[in-house]
Structures are given as C-alpha cells and as structure tokens.
Amino acid sequence: MPLYTAAALKAELNEKGWRLTPQRETILNIFQNLPKGNHLSAEDLHHELRKQGHSISLSTVYRTVKLMSRMGILRELELAEGHKHYELNTMSPHHHHHMVCVQCNRTMEFDNDSILKQALKQTEKYGLQLIDCQLTIYTICPEALRRGYPGLPENWVCSSAIAQGAKPSARSKST
C-alpha cells in the first residue's frame, strides 16, 4: 500500500487552495511505483511520462516536483550529477541517506536511525515539524582511487557503477 495516497494528496492540496490535477496524480503514481533505490531527475521523470504516453510538459514536471518536495511528499536530493533528483519521502520505517562517489556518480543508500532521531530531537526542541532529514556523504570509490583519482578523465565511470546502469558523465564541478 502506498504511503501517500492520491486522496491524502488531494486533501492536502485542497487545504492549501490547490487541486489534485491528473498530472499531479500521475507523477505521484510514478514515484510510488519506482523501484527501491531509484531516484529521478525532473528530466528523467519527464522522459518516463512521455514513454508511458502522457503529454505533461517539462515545466509542469518541474513545478510539480518542487510543490511535492515543499509538501514533504518527495525528497529533493543533491547528488553528484550537478542537478536535483527526487524520490518518495518515506520517513519511517525506510528512512535512508546517501553516499555518492564524486568521480563516477554511483549512489549508495544506507540506513542510520541515530541521524533521524537527532533530527527529531532538534526539531522538537525548537517546536518545529520535521519534513525531511537527509545526509549525503560525498566519497571516492575504491576503483577510482586504484585507477589514479584525481587524475582520471572526467567522464570515467567505475565498473560497479556501469553494472548498475550508470552512464559516463562529467563529474560535478562543485566538488
């Protein structure tokens, strides 16, 4: 059963004076059916929508993922690729964090309850409501180190990332 239903989204949107459009419901459905560990950029989401036969504009996709992120439905992730990715925000029991290799962009998820507990403690202390808690650890994978990081070509990708379907791309200039 999805953690966030269309009915819950509709109620929350109506409370704020907005409505549940077919596009918003379709986007929620895509994230609910996304395999565990997958993250989508707005462009990836738009491509998936087009592949499924939906004619939702890229600007609508951007607005919708931003709105759903502000509402706490989606998590907005800053990974190594230089643009945002999104996933469902599942606070518990499947809350997780990310480790990202800044050379090959491979993203690995990990669980750590103490990070979430500390976030809940801090927000409670100040009378705030927690929407999201995420820790992203930027790393260099062992293969990149063995192959001579930082002297590797920018589009080099390790064999582990390729096995997971990663494509060569320039690493983020901000790292």
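**Working through a predicted chain**

Mentor: Of the 175 residues of the protein chain, 39% count as buried. Keep in mind that this is a predicted model.

Trainee: OK. How many helices and strands in the protein chain?

Mentor: There are 7 helices and 5 strands. From the N terminus on, the order is α-α-α-α-β-β-β-β-α-β-α-α.

Trainee: And the surface? What area does the protein chain expose?

Mentor: About 10400 Å². Carbon and sulfur atoms supply 53% of that area.

Trainee: What about long-range contacts? What share join residues at least 24 apart?

Mentor: The share is 48%, taken among contacts between residues at least 6 apart in sequence.

Trainee: Let's take one helix. What span should H4 have, and what are its end C-alpha atoms apart?

Mentor: Helix H4 covers residues 58–70, so 13 residues. At 1.5 Å a residue it should span 18 Å. Its end C-alpha atoms are 18 Å apart, which agrees.

Trainee: Which residues of H4 are buried?

Mentor: Thr-60, Val-61, Thr-64, Val-65, Leu-67, Met-68 and Ser-69.

Trainee: What do the buried residues of H4 pack against?

Mentor: Three helices and two strands: H1 (6–15), H2, H3, E1 (74–78) and E2 (84–88). Just after H4 comes Gly-72, with a positive phi of about 90°.

Trainee: You mentioned E1 and E2. In which sense do E1 and E2 pair, parallel or antiparallel?

Mentor: Antiparallel, over 5 bridges. Glu-76 stands opposite Tyr-86 in E2.

Trainee: Is E2 mostly covered or mostly open?

Mentor: Mostly covered. In E2, 4 of its 5 residues are buried.

Trainee: Switching to loops. Where is Ser-41?

Mentor: Ser-41 is in the loop between helix H2 (22–32) and helix H3 (42–51).

Trainee: Is Ser-41 buried or exposed?

Mentor: Buried, at 2% relative accessibility. The cut-off for buried is under 20%, so Ser-41 qualifies.

Trainee: What does Ser-41 touch?

Mentor: His-83, Lys-84 and His-85, leaving aside residues up to four places away in sequence. There is also a short link to Asp-44: the backbone nitrogen of Asp-44 lies 3.0 Å from a polar atom of the Ser-41 side chain.

Trainee: Any odd backbone? What is the phi of Asn-105?

Mentor: Positive, about 70°, although Asn-105 is not a glycine. Asn-105 is in the loop between strand E3 (97–101) and strand E4 (107–110). At 7% relative accessibility, Asn-105 counts as buried.

Trainee: Which residues does the cis peptide bond join?

Mentor: Tyr-149 and Pro-150, with omega about 15°. Pro-150 is in the loop between helix H6 (142–146) and helix H7 (159–163).

Trainee: One more loop. Where is Leu-130?

Mentor: Between helix H5 (113–125) and strand E5 (136–139). Leu-130 is buried, with a relative accessible area of 17%. Its C-alpha atom is 6.6 Å from that of Leu-120, which is 10 residues apart along the chain.

Trainee: Last topic, cysteines. How many disulfides?

Mentor: The count is 0.

Trainee: Why is the sulfur of Cys-158 too far from Cys-104 for a bond?

Mentor: The closest cysteine sulfur to Cys-158, in Cys-104, is 3.4 Å away. A disulfide needs the sulfur atoms within 2.5 Å, so the pair fails.

Trainee: Is Cys-158 buried or exposed?

Mentor: Buried, at 2% relative accessibility. Cys-133 counts as buried too, at 10%.

Definitions and conventions:
Residues numbered from 1 in each chain as written. Predicted model: local features only at pLDDT ≥ 70, side-chain atom pairs only at ≥ 80, totals over all residues. Heavy atoms only, no water. Buried < 20%, exposed > 50% of the residue type's maximum accessible area, 1.4 Å probe, protein only. Contact = heavy atoms within 4.5 Å. Areas by Shrake-Rupley, 256 points an atom, 1.4 Å probe, with all protein chains shown as cover. Polar contact = N/O pair within 3.5 Å; in protein donor to acceptor, adjacent residues only side chain to side chain. Expected span 1.5 Å × (residues − 1). Pairing = 2+ DSSP bridges.
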